[in-house]
Amino acid sequence: MQRFQNKVVCITGSGSGMGRMAALRFSAEGAIIAGADLNAAGNQETKNLVEATGGTMFTGSAVDLTDASATEAWMNSAVAALGRIDVLYANAGATKFSPIEETTPEEWQWVMKRELDLTYFPVKYAWNALKASRGNIVLVGSTAGMRGSMTNTRVAHSVTKGGTIAMMQQLAAEGAIHGIRANSVSPGMIRTPATEGDLLADNHPMRKIATAIPLQRIGVPEEVVNCTLFLASDEASYVTGVNLPVDGGWSAVLPGFGVI
Ligand SMILES: NC(=O)c1ccc[n+]([C@@H]2O[C@H](COP(=O)([O-])OP(=O)(O)OC[C@H]3O[C@@H](n4cnc5c(N)ncnc54)[C@H](O)[C@@H]3O)[C@@H](O)[C@H]2O)c1
C-alpha cells in the first residue's frame, strides 16, 4: 500500500539535494508532486527523474520563494492544476555563515530572507488549500536552530533555523482546529550539493565533524526524507508540533574522546 496515493505533495527547493530526494521518494509512494525552485534547470532535472519512474511532477518556470507575490502566484497555479495540496514540505533554503563580529546588517537580512521569508510565504499561501484537505506541513529546521557551535560560526543561520522550529510549533497550534498537523525535521550534517562545496570542503574546520557525531558519519538525504515521509503520512496522525532531529545523535550527546 502506497502511503501517498492520490495525494498532492508540494515541495519547495525540489531542484537539488534533499528536495529532489523528497520528490523522488514521495512520488515512489504514489504522490503527485508540485515542485518549486529558483533553479529551473535543476527542477526540470528532478521532474525528468520523477517522470522516468512513472511519476507526475508539476513545475513552472523559476520561482523566487523570497518574493511573496511570486510565491502566491505559484501556489495558486499548483492548486488550479492539481486541485488540492495535501502536504507542504517547505525545504528550500540558502544561507551564509559568519560570526557575530563579522555579520553585516546586509548579510543578516540576506539570510533572514532566504531562510525565514521563503518558509513563511509558502505556508501562508498553501494554508487555505491545507485547510480544505486537512493536510499537513513539514518544515526544515536544523541542529543549528537547536544548539550553538564552536566550529561553525553562524549567528544568522542559528536564528533562522530556531525561528523555523518556533514557526512550526505555532502552526501546530493554529492548524489544530483545522485538522492541519505541523512538524519539522532538523538535519545535522547531511551530504548534499550545499554542504559538499562549503562545510564539507577540504579546507573547512567542519570537515572532520563526523568524529564528533555518535553514529560516526555524515548523513545522506534519504535518511532525512525517510523521516519527512513518516511525519507527512497518516502513520503520524497523532503527531503534531514535533521537531525531529535527524543527526546521528549529534544534538543529544556531549562530544567526547575516542570511547568507541
Ligand atoms: N545539508 C545539510 O547538512 C543541512 C543541514 C541542516 C539543514 N539543512 C536544510 O535542508 C534544506 C535543504 O538543504 P540542501 O542541503 O538539500 O540544499 P541544496 O542547496 O542542495 O537545495 C536547496 C534548494 O533550495 C533552492 N532555493 C534556494 N533559495 C531559493 C529561493 N529564493 N527560491 C526558490 N528556491 C530556492 C535552491 O535552488 C536549491 O535547489 C535547507 O532548508 C537547509 O537549510 C541542510
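Helices here are DSSP runs of at least four residues, numbered from the N terminus. With that in mind, let us walk through this structure, which is a predicted model.

A good place to start is the sheet. It is open and built from 7 strands in the order E3-E2-E1-E4-E5-E6-E7, with parallel pairing. Strand E3 (57–58) and strand E7 (243–246) stand at the edges, and each has a single partner strand, so one side of each has no neighbour in the sheet. Further in, E1 and strand E4 (residues 87–90) run parallel and are joined by 4 bridges. If you look along this pair, you will find Ile-11 opposite Tyr-89 in E4.

Now add the helices that pack on the sheet. H1 touches E1, strand E2 (32–36), E3 and E4, and its direction makes about 170° with that of E1. H4 also packs on the sheet, where it touches E1, E4 and E5; its direction makes about 180° with that of E4.

H4 has a helix partner as well. Two packed helices are described by the angle between their axes and the distance between the axes. For helix H3 (residues 68–82) and H4, the angle is about 35° and the axes are 9 Å apart. The crossing of H3 past H4 is right-handed. On the H3 side, the residues that meet H4 are Ala-68, Thr-71, Glu-72, Met-75 and Val-79, while H4 contributes Phe-121, Pro-122, Tyr-125, Ala-126 and Ala-129. By kind, the residues of this contact divide into 8 nonpolar, 1 polar and 1 charged.

Next comes the ligand. It is surrounded by 29 residues, and the closest of them are Gly-13, Ser-16, Gly-17, Gly-93 and Thr-192. Two helices you have already met, H1 (17–28) and H4, each supply at least two residues of this shell, and so does helix H6 (193–196). The shell holds 13 nonpolar, 13 polar and 3 charged residues.

Finally, two spots in the backbone deserve a visit. Asn-6 lies in the segment before strand E1 (8–12). Its phi is near 65°, a positive value in a residue other than glycine. Asn-6 counts as exposed because 10 other C-beta atoms lie within 10 Å, and the cut-off for exposed is 12 or fewer. Arg-134 is found in the loop between helix H4 (105–133) and strand E5 (136–140). Phi of Arg-134 is near 50°, again a positive value in a residue other than glycine. With 12 other C-beta atoms within 10 Å, Arg-134 is exposed too.

Methods:
Residues are numbered from 1 along each chain as its sequence is written. This is a predicted model: local features need pLDDT of at least 70, side-chain atom pairs count only at pLDDT 80 or more; totals for chains, interfaces and linings use all residues. A residue is buried if 20 or more other C-beta atoms lie within 10 Å of its own, exposed if 12 or fewer, and partly exposed in between; C-beta atoms are placed from the backbone. A residue is near a molecule or strand if its C-beta atom, placed from the backbone, lies within 6 Å of it. Ala, Val, Leu, Ile, Met, Phe, Trp, Tyr, Cys and Pro count as nonpolar, Asp, Glu, Lys and Arg as charged, and the others, Gly among them, as polar. Two strands pair if DSSP finds at least two bridges between them. Two residues are in contact if their C-beta atoms, placed from the backbone, lie within 7 Å. Axes are lines fitted to C-alpha atoms, for helices over the stretch in contact, and angles run from 0 to 180 degrees between N-to-C directions. A crossing is left-handed if the near helix is turned anticlockwise from the far one by less than a right angle, and right-handed if clockwise.
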